Amino acid sequence: MELTPVTAVGLVVALVGFELLHRLRERFDLSGGTLAEHAWKWVVPAVIVLVVAAEGKTFASIGWRVGSPWLFVWQVSSGLAVMLGTNLLLAPLWSRVGDGGESLARGIGSFASLSLSERLFVAVTAGVTEEIPYHGYAVERITALTGSLPLAGVVSFVAFTLGHLGETWDRQAVLRIAQPALVTTLLYLWFRSLPALIAIHALNDAVGLVVADRYAPIEEEDDDEETPSVVRWLEGEQ
């Protein structure tokens, strides 16, 4: 495969599209709340779809492959088990690194104000919008251009990890996000099935977001509301 201008544009969008979109929105003051931030993420995979069409290729060329329903179920269930199992296995280690996971917990806790349906929207959005560019398009096109699947995986993993650095996730949080980023990259290199990875990613994020309330900051209540007025009067307060 030769690198065409269209494919070059696709690779730029796949690897740094979210950062470019963020800067463009800042330039034109297109800010919004948490849901708006995630709704804007759909722009990146939409552009990737247009690029694939302009290349004259099918979606199978970016990993949209499902062998059979049973194979799909097996890939999703085993992949999710690997994701969640790795989280549990490495949790004691991560608790000793950096800030002990406080920054990641704050990031997850920031979604606590959303309803359950809104959190699921965020999870599905993350699965679809991130897997299509980082793994589907980037891995498949870099592999086709270089003939090296491992190189494609490394480039995808680095871009995927750094792409999370922003307002919600700081450097300490991104350090920990590198773990699931690596696992999803390895799973894609194994399965080469974009639908399976989208499902695994979305389900993994949904598990974390459903329990986001556990990581929400505890608001300090007003002393006057905590202490009955008669008690404050007896203590000599006016």
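## A cluster of rings

Which residues do ring pairs link into a cluster? They are Phe18, Tyr134 and Phe160. This is a predicted model, and it is a pleasant one to walk through, starting with its aromatic residues. The count of aromatic pairs comes to five. In one of them, the ring centres of tryptophan 74 and tryptophan 190 lie 5.7 Å apart with their planes at 85°, so this pair is edge-to-face. Since tryptophan 74 belongs to helix α4 and tryptophan 190 to helix α8, the pair ties together parts that are 116 residues apart in sequence. As for accessibility, tryptophan 74 is partly exposed at 43%, while tryptophan 190 is exposed at 54%.

Two rings also have a charge over them. The charged end of lysine 41 sits over the ring of phenylalanine 18, at 5.6 Å from its centre; phenylalanine 18 is also a member of the ring cluster. Over the ring of phenylalanine 28 sits the charged end of arginine 27, 5.4 Å from the ring centre.

## The bent helix α1

How far does α1 span between its end C-alpha atoms? The answer is only 26 Å, whereas a straight helix of 23 residues would span 33 Å at 1.5 Å a residue. Have a look at valine 16, where α1 bends by about 80°.

The buried residues of α1 are Thr7, Gly10, Leu11, Val13, Ala14, Gly17, Phe18, Leu21 and Arg25. Their packing partners are α2, α3 (43-55) and α6. A general point helps when reading such a list: an α-helix has 3.6 residues a turn, so residues three or four places apart point the same way.

## The enclosed helix α9

Helix α9 makes a good companion to α1. Its 17 residues should span 24 Å at 1.5 Å a residue, and its end C-alpha atoms are 24 Å apart, which agrees. Twelve of those 17 residues are buried, so α9 is largely enclosed by the rest of the structure.

Among the buried residues of α9 are Leu194, Pro195, Ile198, His201, Asn204 and Leu209. The buried residues of this helix pack against α4 (69-94), α6 (116-146), α7 (149-162) and α8.

## Two nonpolar cores

Which residues have the most contacts inside the largest nonpolar core? Ile48, Ile132, Tyr137, Leu187 and Ile200 do, in a core of 33 residues. Two or more residues each come from α1, α3, α4, α6, α7, α8 and α9, and α6 gives the largest share, seven residues. Setting aside neighbours within four places in sequence, isoleucine 132 is in contact with Pro45, Ile48, Tyr137, Leu194 and Ile198.

Apart from this core lies another, of nine residues, including Ile108, Val122, Ala206 and Leu209. Ala206 and Leu209 are also on the list of buried residues in α9.

## Positive phi in two loops

Finally, two residues deserve a glance for their backbone angles. Aspartate 29 is not a glycine, yet has a positive phi of about 55°. Aspartate 29 comes just after α1, in the loop between α1 (5-27) and α2 (34-40). With a relative accessible area of 63%, aspartate 29 is exposed.

Arginine 192 likewise has a positive phi, near 55°, in a residue other than glycine. The loop that holds arginine 192 runs between α8 (171-191) and α9 (194-210). A relative accessible area of 25% makes arginine 192 partly exposed.

Terms used: Residues are numbered from 1 along each chain as its sequence is written. This is a predicted model: local features need pLDDT of at least 70, side-chain atom pairs count only at pLDDT 80 or more; totals for chains, interfaces and linings use all residues. Side-chain values use heavy atoms; hydrogens and water are left out. Helices (H or I, at least four residues) and strands (E, at least two) are DSSP runs, numbered from the N terminus. Buried means under 20% relative accessible area, exposed over 50%, partly exposed in between (1.4 Å probe, protein chains only). The expected span of a helix is 1.5 Å times one less than its number of residues. Contact means heavy atoms within 4.5 Å. The bend at a residue is the angle between axes fitted to the seven residues ending there and the seven starting there. Rings of Phe, Tyr and Trp (its six-membered ring) pair if their centres lie within 6.5 Å; planes under 30 degrees apart count as stacked, over 60 as edge-to-face and the rest as tilted. A charge sits over a ring if NZ of Lys or CZ of Arg is within 6 Å of the ring centre and within 35 degrees of the ring normal. A nonpolar core is a set of buried Ala, Val, Leu, Ile, Met, Phe, Trp, Tyr and Cys residues joined through side-chain atoms within 4.5 Å.
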